[in-house]
Amino acid sequence: MTSLARIFLGLVLVFLYLPIVVMAAMGFNASPLYALPFDFSTHWYEELAGNGRLIEAGWNSIWLAVLTAVIATALGTLAALALWRRTFRGRAILRILLLPPIAIPWLITGTAMLVFFFWTGIGRGLHAMLIGHVALAIPYVVLVVGTGLQTLRADLEEAAMSLGSTPIHAFFRVTLPLLMPSIVGAALFAFAVSLDQFVISYFLSVPGMTTLPVEIYSAIRKGFTPEINAISTILLVASMIVILGFARFARPGGIGERS
Amino acid sequence: MSGVDVTGVAKSYGATRVLTDITQSFESGTFTSLLGPSGSGKTTLLRIVAGFVAPDEGSVRIAGADVTGVPVYARNIGMVFQSYALFPHMSVAANVGFGLGRRGIRGKAARAQVEEALEMVRLPGFGARHPKQLSGGQQQRVALARAIVIRPDVLLLDEPLSALDRRLRQEMQVELLRIQRESGLTTIFVTHDQEEALTLSDKVAILDRGRIVQMGRPAEVYERPRTKFAAEFLGDANFLTGIVRAGRVEIAGAAIATEDRLPPDGATVTLAVRPEKIAIRPADAAGSGALENSLPATVASVIYTGTALTYMLRSGDLSLKVFAQNSDGSPLAEGSAVVLSWAARHSVSVEG
Ligand SMILES: Nc1ncnc2c1ncn2[C@@H]1O[C@H](COP(=O)(O)OP(=O)(O)O)[C@@H](O)[C@H]1O
Ligand SMILES: [Mg+2]
């Protein structure tokens, strides 16, 4: 790598991480008005410990993201297998129909969901958010897993069958392990889509039962303290641990195995 | 004893007829090549024998048992894929042992058989490696070991050498033949390379647009092609078309002799003559008289390749090709008048 490229990469990383570092640092600054000079204090974390609303919203966010990742990955992987490994009428149209939801503005999707959930009696609340987040995440999962499937040669499964594997055995011994990196990647995507989600969560939340982004938004409107920075930092660290854990877990399946 | 019997097999994809009435026996322990141009249905036939494709009509018997309705995994076959299809997430030993595991052979017994198979393909001690750490030729050997370790009733190979470079390919041909001889497996080998088919096979089956047009020992198929297609696909051929007259064939003013049975007078027939079977001499030189056929011609062009010469000739409105050894170092000049001669048994009557 040339030194110019290295400098460029360094700048990109600074650009990405500097605001986050500043945000985290402010959580440890005693001033409630984000004033400098920096005066180290864990005051806001202590305050946060007593702020039930924020903490509950944080837990809601994490649970919602985990459940969304699990459900969307399971459903999306099955859909990808059907769309790329089976032939049936309307397959081409279904594949094409997968893409628009990704491009439709969340505001519109959110409005549609609100109206639809109202009609069908699903209503609002965490359960509605879960349905919404799963619906939102599935197209990403199908795309990521589908792409992985396309790079996986079909003759590997055939080779297993020629050696005596039933189709199901071939799937679990050959296809699934090789697809694992894609599935884990897709789960991360789904996790991030949910954790990051504001618009739809905002539409579907009921007071007192909401996610962190929505809670932060309403806090900002009311006037806020660096407690927000404290909880954001905790959430950031938590999700980084999840992501790094996933990345480690993905390796034995063989990200590097495919050439 | 029968290895594989294919009876009356036909297969269409939509309106495309891919295989038509294939009836063929592959004798136990023999090495048979399915030879044909791309799209002639070789892979489809092989996959029908394997059980990946169900024929529309006909039946497949392997080792005496009708397996037409039996899925791949319940047939005892070994298959080598063109792309090797090694499992990238498993070691070489796990790859080779995969089929043994499916047959309930595990632990020490499996390890011993895996090592034996790896020795057979000359990769002893490679068990712990991963496929991506091996060269193309080595991966090919592992794929072969994986297919033979289960002692299949038939070994199926779909153009397994076509991804290798020329030198490695020749080396693998020799290895493949040795392994087939040592294991005694009934082998069906798909290729579009005629030289490969002739070198390796006990029997060659020539496929043309979904039909087996001829099957026989390599020399038999080469020397006595039954159709124009077979003659052309397996080597080079001159085709001489003429009218039958008194037990001979009138072509370009000459009466050509053949040992093949001819239709009655007045019928049109085509004779195939291999370019290396034709002797060429200047028109003013004395002939030996031993060869039944002779045809005056003019040299149109000469291709000089060192050891051999290829003459392109004209006789009336007939174009001919002759391969000659470069024995005296002075090729006949372009435009010179020559006489071509060949034995009656080298005029092979072929179907259009
Ligand atoms: N699954 C399939 N669907 C439709 N057509 C096919 C399929 N498999 C093969 N064919 C057609 O059948 C013909 C023979 O194919 P193949 O058996 O692969 O020939 P070869 O191996 O001799 O090149 C080709 O015209 C090919 O397009
Ligand atoms: Mg083929």
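These notebook entries record what I looked up in a predicted model, beginning with chain B as a whole.

**Entry 1. Chain B overall**

I began with the secondary structure of chain B and counted eight helices and 20 strands. I then took the extent of the C-alpha trace of chain B, which spans about 80 × 45 × 35 Å along its principal axes. Chain B has 352 residues, and buried residues make up 52% of them. For its accessible surface I noted about 15,500 Å², with 49% belonging to carbon and sulfur atoms. I also looked up the contacts in chain B with a separation of 6 or more: residues 24 or more positions apart account for 66% of these.

**Entry 2. The surroundings of ligand 1**

Which residues surround ligand 1? I listed B:Tyr13, B:Val18, B:Pro37, B:Ser38, B:Gly39, B:Ser40, B:Gly41, B:Lys42, B:Thr43 and B:Thr44. By class, I recorded three nonpolar, six polar and one charged residues in this shell. Helix H1 of chain B, residues 42-50, gives the largest share of the shell, namely three residues.

I next looked up individual atom pairs between chain B and oxygen atoms of ligand 1. A polar side-chain atom of B:Thr44 lies 2.5 Å from an oxygen atom of the ligand. For B:Lys42, a polar side-chain atom lies 2.9 Å from an oxygen atom of ligand 1. In the case of B:Ser40, a backbone N or O atom lies 3.2 Å from a ligand oxygen atom. I noted further that the protein covers 57% of the 560 Å² of accessible area that ligand 1 has on its own.

**Entry 3. Helix H4 of chain B**

I turned to helix H4 of chain B, which runs over residues 136-148 and has 13 residues. From its first C-alpha to its last it reaches 19 Å, close to the 18 Å expected at 1.5 Å a residue.

Is this helix largely enclosed or not? I found that 11 of the 13 residues of H4(B) are buried, so the helix is largely enclosed by the rest of the structure. The buried residues are B:Gly137, B:Gln139, B:Gln140, B:Arg141, B:Val142, B:Ala143, B:Leu144, B:Ala145, B:Arg146, B:Ala147 and B:Ile148. I then asked what covers the buried residues of H4(B). The cover includes helix H8 (154-162) of chain A. From chain B, the cover includes strands S6 (77-80) and S7 (154-158), together with helices H2 (92-102), H3 (107-120) and H5 (166-183).

**Entry 4. Two positive phi values in chain B**

I looked up two residues of chain B that are not glycine and have a positive phi. The phi of B:Ala85 is near 50 degrees, and that of B:Arg122 is about 60 degrees. B:Ala85 is found in the loop between S6 and H2, while B:Arg122 is found in the loop between H3 and H4.

Are these residues buried or exposed? B:Ala85 has 3% relative accessibility and therefore counts as buried. B:Arg122 has 48% relative accessibility and so counts as partly exposed.

**Entry 5. Two strand residues of chain B**

I placed B:Ser59 in strand S4 of chain B, residues 57-62. Its relative accessible area is 19%, and because buried means under 20%, B:Ser59 is buried. Leaving aside residues up to four places away in sequence, B:Ser59 touches B:Asp5, B:Val6, B:Thr7, B:Val9, B:Asp66 and B:Thr68.

I placed B:Ile212 in strand S10 of chain B, residues 211-216. With residues up to four places away in sequence left out, I noted that B:Ile212 touches B:Ile22, B:Gln24, B:Leu45, B:Ala205, B:Ile206 and B:Leu207. I also looked up its separation from B:Ser315: the two are 103 residues apart in sequence, and their C-alpha atoms are 34 Å apart in space.

**Entry 6. A helix residue of chain A**

Lastly I looked up A:Ala72, which has its place in helix H3 of chain A, residues 52-85. A:Ala72 is buried, with a relative accessible area of 0%. Which residues does A:Ala72 touch, not counting those up to four places away in sequence? I recorded A:Thr77, A:Val134, A:Ala137, A:Ile138, A:Val141 and A:Ala190. A:Ala72 and A:Leu11 are 61 residues apart in sequence, and from C-alpha to C-alpha they are 35 Å apart in space.

Key
Residues numbered from 1 in each chain as written. Chains lettered and ligands numbered in written order. Predicted model: local features only at pLDDT ≥ 70, side-chain atom pairs only at ≥ 80, totals over all residues. Heavy atoms only, no water. Helix = DSSP H or I, 4+ residues; strand = E, 2+ residues; numbered from the N terminus. Expected span 1.5 Å × (residues − 1). Buried < 20%, exposed > 50% of the residue type's maximum accessible area, 1.4 Å probe, protein only. Contact = heavy atoms within 4.5 Å. Near = heavy atom within 4 Å. Polar contact = N/O pair within 3.5 Å; in protein donor to acceptor, adjacent residues only side chain to side chain. Areas by Shrake-Rupley, 256 points an atom, 1.4 Å probe, with all protein chains shown as cover. Nonpolar A, V, L, I, M, F, W, Y, C, P; charged D, E, K, R; others polar.
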